[in-house]
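Open the model in your viewer and get ready to select residues. Each stop below says what to pick and what is there.

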Amino acid sequence: MLLWFKRIIITLTLLLSVLLAFLRFQGWQYIAAYSGGGFARSLPDAASIAKNQSCNIQPLQVLSYNVMYGSAFIEAMAARFRHDGTGKGELPWSVRLPEIRERIASFAPDLLGLQEMDADTDIAAIVPLSQYTLVSYHLGNFQYGDSALLFKTERFEPLDAGQMWLGKTPDLPMSLGYRPLSMIRYVNWALLREKASGFTFMFVNTHFDNAAANKEPSATLFRQRIASLTTKGLPVIVTGDFNTTANTERYRRFTGTDLQPSLLENAYVLAHSPPVDAVLHPDHRIDHILAGGPCKVEAEQWSIDPRPLKNGLPMSDHDPVFARLRFIDNPVSQ
């Protein structure tokens, strides 16, 4: 009997070790990649895309919003385990989403970057997909909308789109972060052309991890691959929850403020740093709208909307960040 018990323990230990190794070395991600999921699409050749294009277009209304647990699935799991809200005490997604939908619509964004979304149906509950084109990650029936981006279908034509995973293997789908068994994070991008003018630019949305072990190298990777597109002649607009305030070295790294000009500028700065309450200043915020590239960029408006739900409770643990950006020809580059 004792020998039989030892064999069971040894077998279970071996199986557990194999499972942990499979997870640790991202075995299922590689299986997904080679069985049809594919590796990440290469970023487009920026130098050839936007060559000699005019930058003069109508203003772009841009919104970035971390909605907090935008998931019917998470709500159902929380309810199953007898939480009143999402698991942290906040109101459930189904209660908050009608007002979130109204709040987003009030900004009439041309470009919208969302964070902490889940399935396409969750996104469709707050953004009319009859008017917007959605880009998020899909693997078969699996959907991962944490860094979903949307753009107005009537105004823009998509030329290309893809993801970059914030981890040691950024081209591997659903790649884990730099720390073992981290939360999966990614950069979502879409190459867009304005139908009326032909103006071509990159729209990017992301959600950095909140652990320093992951967001520090993510900042470096973001600079190397995304922010550096601006030096290759491609206009870039970025939205995201970077879990990083604007007064940190990490922020200066991924925006390239050590260069002249910077790779990316905060829309707040592009709006000539309007006076705001200290709590709303980018130095105290982790959500940002950024822009850069060969064009001159101006922000005709920048704002953060801290209003709660109508009942006074939080709509999210983040506030929407809005900017109206204008690209114009840069005399220096002509």
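This tour of a predicted model goes from a core, to two neighbouring positions in one stretch, to a helix.

**Stop 1: the largest core.** Select L111, L192, F201, I237, L325 and F327. These residues have the most contacts inside the largest nonpolar core, which has 31 residues. Now colour the elements that feed this core. Strands β1 (60-70), β4 (142-152), β6 (186-194) and β7 (200-207) each supply at least two residues. So do α9 (267-270), β10 (287-292), β11 (296-304) and β12 (321-328). In general, nonpolar side chains in soluble globular proteins tend to be buried together.

**Stop 2: a separate core.** Select M164, Y178, A227 and L234. They are among the 27 residues of a second core, separate from the largest one.

**Stop 3: I237.** Return to I237 and show its contacts. Leaving aside neighbours within four places in sequence, I237 touches L60, V62 and L111. Its other such contacts are F201, M202, F203, V204, L290, A291, L325 and F327.

**Stop 4: V238.** Select V238, in strand β8 (residues 236-241). Is V238 buried or exposed? V238 counts as buried because its relative accessible area is 0%, and the cut-off for buried is under 20%. Beyond four places in sequence, V238 is in contact with V204, F222, L264, H288, I289 and L290. Then draw a C-alpha to C-alpha line from V238 to A291: they are 6.1 Å apart in space, yet 53 residues apart in sequence.

**Stop 5: helix α2.** Select residues 27-37. In this helix, G27, Q29, A32 and A33 are buried. Step just past α2 to G38, where phi is positive, about 75 degrees.

Key:
Residues numbered from 1 in each chain as written. Predicted model: local features only at pLDDT ≥ 70, side-chain atom pairs only at ≥ 80, totals over all residues. Heavy atoms only, no water. Core = buried A, V, L, I, M, F, W, Y, C linked by side-chain atoms within 4.5 Å. Buried < 20%, exposed > 50% of the residue type's maximum accessible area, 1.4 Å probe, protein only. Helix = DSSP H or I, 4+ residues; strand = E, 2+ residues; numbered from the N terminus. Contact = heavy atoms within 4.5 Å.
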